[in-house]
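Here are a few exercises to work through with the model open. Try each task before you read its solution.

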Amino acid sequence: MRIDIITVVPGLLEGPFSHSILKRAEDKGLAMVRVHNLRDYASGKQKQVDDYAFGGGAGMVMMIEPIAKCLEALKSERDYDEVIYMTPDGETFNQKMANELSLKGNLIILCGHYKGVDERVREKFITREISIGDFVLSGGELAAAVVADAVIRLIPGVLNDETSALTDSFQDGLLAPPVYTRPADYKGMKVPEVLLSGHQAKIEAWRFDASVRRTKERRPDLLEGKDF
């Protein structure tokens, strides 16, 4: 998979992709993330990428021309499955969407900034609009990093234990069950006996029941329409 991220502040994305699982994915040749500075595609000495909104009002608007030039340059080199725009009014990102995007080959993510992009960008170039929640960030960079992380970790071979991603919260519509490690008894706080039994069928049954119980307590909305 290749993910190209277009931004006006590339420095915000230097950290997330140079460490941990995302770095490991690139080292293994399983995923590649490239960050593009939108100002490289702007004209004039100032490399301007934003301007005042027609009709007035506070805030600046990202211009269509540099975005179009960047997208056209990228598309001339390869085909892309999706051109994603990170925006507060997009479709709310979830695990199902992460699973779907992990099956794609090449993605472009455009990070919104200021008051957003010229609407013609959305009409002409964008194939999917995504939000990571009902709140507003200073820009789409951190949101783009969240999406990339959630997607790349699902690619087979990225995680050391490939079953790990399949047992994450939300994969089966439930929250993950409690987990424990050594010591089995910490100052009288003991690990449930079933987890020490070695009886895998009983362990899986306990984990499922614990998942349902935790979901009922914390996210009952996830159980709507389900017979648990």
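**Exercise 1. Is Arg122 buried or exposed, and which residues does Arg122 pair with in salt bridges?**

Step 1. Start with accessibility: this is a predicted model, and in it Arg122 has a relative accessible area of 16%. The cut-off for buried is under 20%, so Arg122 counts as buried.

Step 2. Now look for acidic partners. Arg122 makes a salt bridge with Asp89, with the closest N and O atoms 2.9 Å apart. That pair ties together distant parts of the chain: Arg122 sits in helix H4 and Asp89 in strand E5, 33 residues apart.

Step 3. Check for another partner. The side chain of Glu129 also meets Arg122 in a salt bridge, at 2.7 Å from N to O.

Step 4. Compare the surroundings of the acids. Asp89 is exposed at 54% relative accessibility, while Glu129 is partly exposed at 21%.

**Exercise 2. Why are Glu204 and Arg207 about one helical turn apart?**

Step 1. Find the pair: Glu204 and Arg207 form a salt bridge, their closest N and O atoms being 3.3 Å apart.

Step 2. Count along the helix. Both belong to helix H6 (residues 200-218) and are three residues apart, so about one helical turn separates them.

Step 3. Add accessibility: Glu204 is partly exposed at 40%, and Arg207 is partly exposed at 35%.

Step 4. Zoom out. Elsewhere, Glu82, Glu91, Glu100 and Arg128 are joined into one network by salt bridges that share partners. The whole structure has 13 salt bridges.

**Exercise 3. Where do Gly112 and Leu137 lie, and what do they touch?**

Step 1. Both residues are covered by the "binding site" annotation in an unreviewed UniProt entry.

Step 2. Take Gly112, found in the loop between strand E6 and helix H4. Gly112 is buried, at 9% relative accessible area. Beyond its neighbours within four places in sequence, its contacts include Met62, Tyr85 and Glu141.

Step 3. Turn to Leu137, in the loop between strand E7 and helix H5. Leu137 is partly exposed at 36%. Leaving out residues up to four places away, Leu137 touches Ile132, Leu142 and Ala143.

**Exercise 4. Which residues line the largest cavity?**

Step 1. The search of the whole structure gives one cavity of 30 Å³ or more, and the largest cavity holds about 30 Å³ of space.

Step 2. Its lining consists of Phe17, Leu22, Glu26, Ala31, Met32, Val33 and Ile152. Helix H1 and strand E2 are the elements that give two or more residues to this lining.

Step 3. Sort the lining by class: six residues are nonpolar, none polar and one charged.

Conventions. Residues numbered from 1 in each chain as written. Predicted model: local features only at pLDDT ≥ 70, side-chain atom pairs only at ≥ 80, totals over all residues. Heavy atoms only, no water. 1 Å grid on protein atoms, 1.4 Å probe; cavity = no way out; pocket = protein on both sides within 12 Å on 5 of 7 lines; lining within 4 Å. Points joined across faces, edges and corners; volume = space filled by probe spheres on them. Helix = DSSP H or I, 4+ residues; strand = E, 2+ residues; numbered from the N terminus. Nonpolar A, V, L, I, M, F, W, Y, C, P; charged D, E, K, R; others polar. UniProt positions renumbered as here; feature names shortened; annotations may be inferred. Buried < 20%, exposed > 50% of the residue type's maximum accessible area, 1.4 Å probe, protein only. Contact = heavy atoms within 4.5 Å. Salt bridge = Lys/Arg side-chain N within 4 Å of Asp/Glu carboxyl O.
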